[in-house]
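Morning, everyone. I have a few minutes on a new structure, so let's get it on the screen.

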Amino acid sequence: MGLQFGFCFGTSLRHDVKRDHLWKLLEAVEQYGFDSFWFYNNNGDDMPPPLELAREVARRTSALVFGPHVLVAAGLEPSAVVRELTDLYRRSNGRFVAQLGIGGPREALIRDPAEAAAALEDILRRLRRLVGESAGESSGSGPAGVPPVWLGGGRERTVRRVTALADGWVPAFITPAEYRRRLKVLDEEQQRLGRTEHITRAVQLVYVPPAIDTPELRRELDAEVSAHKQGCTSRDVYAVGGDRALRERLAEFADVGVEHVILVPARAVPDWETEIARLHHTVTTSFG
């Protein structure tokens with residue numbers, strides 16, 4: 001089975017892509033074979049909050065899987081967020097996927113990591129308890145039940161949380177070698193728990209579109225990566241160096257067990273529709 005591809009505009013929704021333009025771009029994302037669309041937790045003043053944006057995406061699309069990447073859930077009122085996530089799943093006719101996390105230093109609602117992890121796990125357990133309660137139920141306005149939950153984060157404790165309480169794993173800022181090591185933990189933990197359901201193996205991959213590839217941008221990206229991963233450069237965790245480098249990195253991730261890749265341009269491009277079409281024709285079709 002080939003790789004599946006989602007698309008995320010990344011930080012460009014904060015500055016470059018305005019709301020009215022977004023709906024036209026989502027048509028291009030769908031037209032060129034991407035199976036999903038994702039948006040960050042913070043998308044700037046022109047965009048609504050992530051779950052409100054999700055409701056609008058549900059209303060304006062018919063086939064794309066979609067969701068936040070990654071919603072900072074730890075710190076939100078548990079009962080309210082569970083209701084909203086399940087309602088989005090129903091409204092979208094089962095297309096909504098809840099990517100959840102505790103947030104990084106700039107976005108976390110709970111500053112203490114242990115408290116944030118406990119708050120997230122409370123939400124996850126509430127969602128797990130709902131699984132099966134409405135199995136087989138449906139309504140005229142969409143399926144009943146609970147959306148698939150993918151967790152962001154690349155640490156071993158996140159992987160263990162995935163095997164116990166979630167349906168998928170979607171780290172960022174991770175090398176293929178690191179992914180392989182963490183996936184070994186996931187498989188071992190899944191076997192230990194006796195869990196037989198499939199867990200989606202996904203990854204976010206930032207790439208540099210050829211139209212904006214400059215030495216200055218590469219220096220910016222090196223600084224960006226080193227702030228997250230000491231001793232690493234952008235070439236270690238991003239796809240830098242044109243379409244060939246992107247195809248090579250995708251092949252590396254496929255070889256270690258990744259099934260779904262969320263592609264994120266490193267910065268805004270001059271023409272988004274051209275970039276989405278180019279990415280499809282020159283890169284993603286190689287992995288169909």
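**Core, rings and one arginine**

Start with the inside. The largest nonpolar core holds 89 residues, and the ones that touch the most other members are F9, L22, L100, L250 and L263. Which helix gives the most to this core? Helix α2, residues 19-31, with 6 residues.

A word on what you are looking at. This is a predicted model. The protein chain averages a pLDDT of 92. 95% of the residues score at least 70. There is one stretch to flag: over residues 138-142, pLDDT stays under 50. The model has 7 contacts beyond four places in sequence for that stretch. Where pLDDT is low, the predicted coordinates should not be read in detail.

Back to the core. Take L263, one of the residues that touch the most other members. Leave aside its neighbours within four places in sequence. What is L263 in contact with? The list runs F5, G6, F7, C8, F34, L205, Y207, L246, L250, L279 and T284. Note L250 in that list; L250 is also among the core residues I named at the start.

Now the rings. How many aromatic pairs does a search of the whole structure find? It finds 12. Look at F9 with W272. Their centres are 4.9 Å apart, with 80° between the planes, and the pair is edge-to-face. This pair links distant parts of the chain. F9 is in the loop between β1 (4-8) and α1 (12-15). W272 is in helix α11, residues 272-282. That puts the two 263 residues apart.

Are these two buried or exposed? F9 is buried, with a relative accessible area of 0%. W272 is buried as well, at 4%.

Next pair: F37 and F39. Their ring centres lie 5.7 Å apart and their planes meet at 45°, so this pair is tilted. Both residues are buried.

Zoom out one step. Ring pairs link F7, F9, F34, F37, F39 and W272 into a cluster. Two of those names, F7 and F34, were on the contact list of L263.

Last stop: an arginine. Where is R249 found? In helix α10, residues 242-256. R249 is buried, with a relative accessible area of 12%. Not counting residues up to four places away in sequence, R249 touches P176, L205, R235, D236, V237, Y238 and A239. L205 is a name you have heard before: L263 is in contact with L205 too.

That's my tour. Over to you.

Key:
Residues are numbered from 1 along each chain as its sequence is written. This is a predicted model: local features need pLDDT of at least 70, side-chain atom pairs count only at pLDDT 80 or more; totals for chains, interfaces and linings use all residues. Side-chain values use heavy atoms; hydrogens and water are left out. A nonpolar core is a set of buried Ala, Val, Leu, Ile, Met, Phe, Trp, Tyr and Cys residues joined through side-chain atoms within 4.5 Å. Buried means under 20% relative accessible area, exposed over 50%, partly exposed in between (1.4 Å probe, protein chains only). Helices (H or I, at least four residues) and strands (E, at least two) are DSSP runs, numbered from the N terminus. Contact means heavy atoms within 4.5 Å. Rings of Phe, Tyr and Trp (its six-membered ring) pair if their centres lie within 6.5 Å; planes under 30 degrees apart count as stacked, over 60 as edge-to-face and the rest as tilted. pLDDT is the predictor's confidence in each residue, from 0 to 100.
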